[in-house]
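Colleague: Got a minute to go over this chain with me? I'd like to start with the pockets.

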Amino acid sequence: MTMASPPKLRFATVWLAGCSGCHMSFLDLDEWLFELAERVEIVYSPVASDIKVFPEGVDLCLVEGAVANADNLELALQLRARSKVVVSFGDCAVSANVPGMRNLWAGVEGGSRQSVLERGYVELADTGAQHPHAPGIVPELLERVLPLHELIPVDHFLPGCPPSAERIRAFLEALLRGEAPPMEGPAMLGFG
């Protein structure tokens, strides 16, 4: 008689307003990704699947990036509703980091959103200076860029810009064992 393997966790990664550095660091897990694949089923990821709709019943979701536009907000709300455990993955998700620098434009005439669009699409345009208006081309910017926890409940925080592969592995190994991830000492709490 063969012993049945425990069911695999349904695992997702999401990329909001960020540079993809956290996902690149995740890929730096190298051979450990094979061990991870024995324990999880990747059901959504910009680097590991071509699935376009965030699925139901996700056990663990790593979310990279800040929430900067309407599409980010919609996906953040959706993933929270469909995931048991949500992790702010990297400094942009934890603190808004570099994407949050757009918030410095809030004091400029027209506010943060309008000032950024004016600068990017009109002032710096080489040709055809105009604001994007067609639906679906540029998602509507939120007035401020926000870290993930300001919009949805987050279960764990994994800081770093990006977090190192070693930090990601230690974090995931603990979660996979059903333990709280290690969050002490400079190696696990350092930003940047």
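Modeller: Sure. Helix α5, residues 111–123, gives the largest share of the lining of the largest pocket, with three residues. Keep in mind that this is a predicted model.

Colleague: How much space lies in that largest pocket?

Modeller: About 200 Å³. The lining has 13 residues, and the closest to the centre are Leu117, Pro132, Val138, Pro139 and Glu140.

Colleague: And how does the lining of the largest pocket divide into nonpolar, polar and charged?

Modeller: Seven nonpolar, four polar and two charged residues.

Colleague: Staying with α5 for a second. Is serine 115 buried or exposed?

Modeller: Serine 115 is found in helix α5. Its relative accessible area is 4%, and under 20% means buried, so serine 115 is buried.

Colleague: How far is serine 115 from arginine 102, C-alpha to C-alpha?

Modeller: The two C-alpha atoms are separated by 9.2 Å. Along the chain, serine 115 and arginine 102 are 13 residues apart.

Colleague: Next pocket. What volume does the second largest one have?

Modeller: About 160 Å³. Its lining includes Val14, Trp15 and Leu16, then Tyr44, Ser45 and Pro46. Ser49, Asp50, Ile51 and Lys52 also line the second largest pocket, as do Asn72 and Leu75.

Colleague: Which elements each supply at least two residues of that lining?

Modeller: β1 (9–15) and α3 (70–82). By class, the lining of the second largest pocket has seven nonpolar, three polar and two charged residues.

Colleague: Let's switch to the surface. Which residues make the nonpolar patch?

Modeller: Met24, Leu27 and Val47. The patch covers about 220 Å².

Colleague: Where does valine 47 lie?

Modeller: In the loop between β2 (40–44) and β3 (58–64).

Colleague: Why does valine 47 count as partly exposed?

Modeller: Because its relative accessibility is 32%. Partly exposed is the range between buried, under 20%, and exposed, over 50%.

Colleague: Now the whole chain. How many helices and strands?

Modeller: Seven helices and seven strands. From the N terminus on, the order is β-α-α-β-β-β-α-β-α-α-β-β-α-α.

Colleague: What does the C-alpha trace span along its principal axes?

Modeller: About 70 × 35 × 30 Å.

Colleague: Last one. What share of the residues count as buried?

Modeller: 41% of the 192 residues of the chain. Serine 115 counts as buried too.

Methods
Residues numbered from 1 in each chain as written. Predicted model: local features only at pLDDT ≥ 70, side-chain atom pairs only at ≥ 80, totals over all residues. Heavy atoms only, no water. 1 Å grid on protein atoms, 1.4 Å probe; cavity = no way out; pocket = protein on both sides within 12 Å on 5 of 7 lines; lining within 4 Å. Points joined across faces, edges and corners; volume = space filled by probe spheres on them. Helix = DSSP H or I, 4+ residues; strand = E, 2+ residues; numbered from the N terminus. Nonpolar A, V, L, I, M, F, W, Y, C, P; charged D, E, K, R; others polar. Patch = residues over 30% accessible without salt bridge, like charges linked within 9 Å, V, L, I, M, F, W, Y side chains within 5 Å. Areas by Shrake-Rupley, 256 points an atom, 1.4 Å probe, with all protein chains shown as cover. Salt bridge = Lys/Arg side-chain N within 4 Å of Asp/Glu carboxyl O. Buried < 20%, exposed > 50% of the residue type's maximum accessible area, 1.4 Å probe, protein only.
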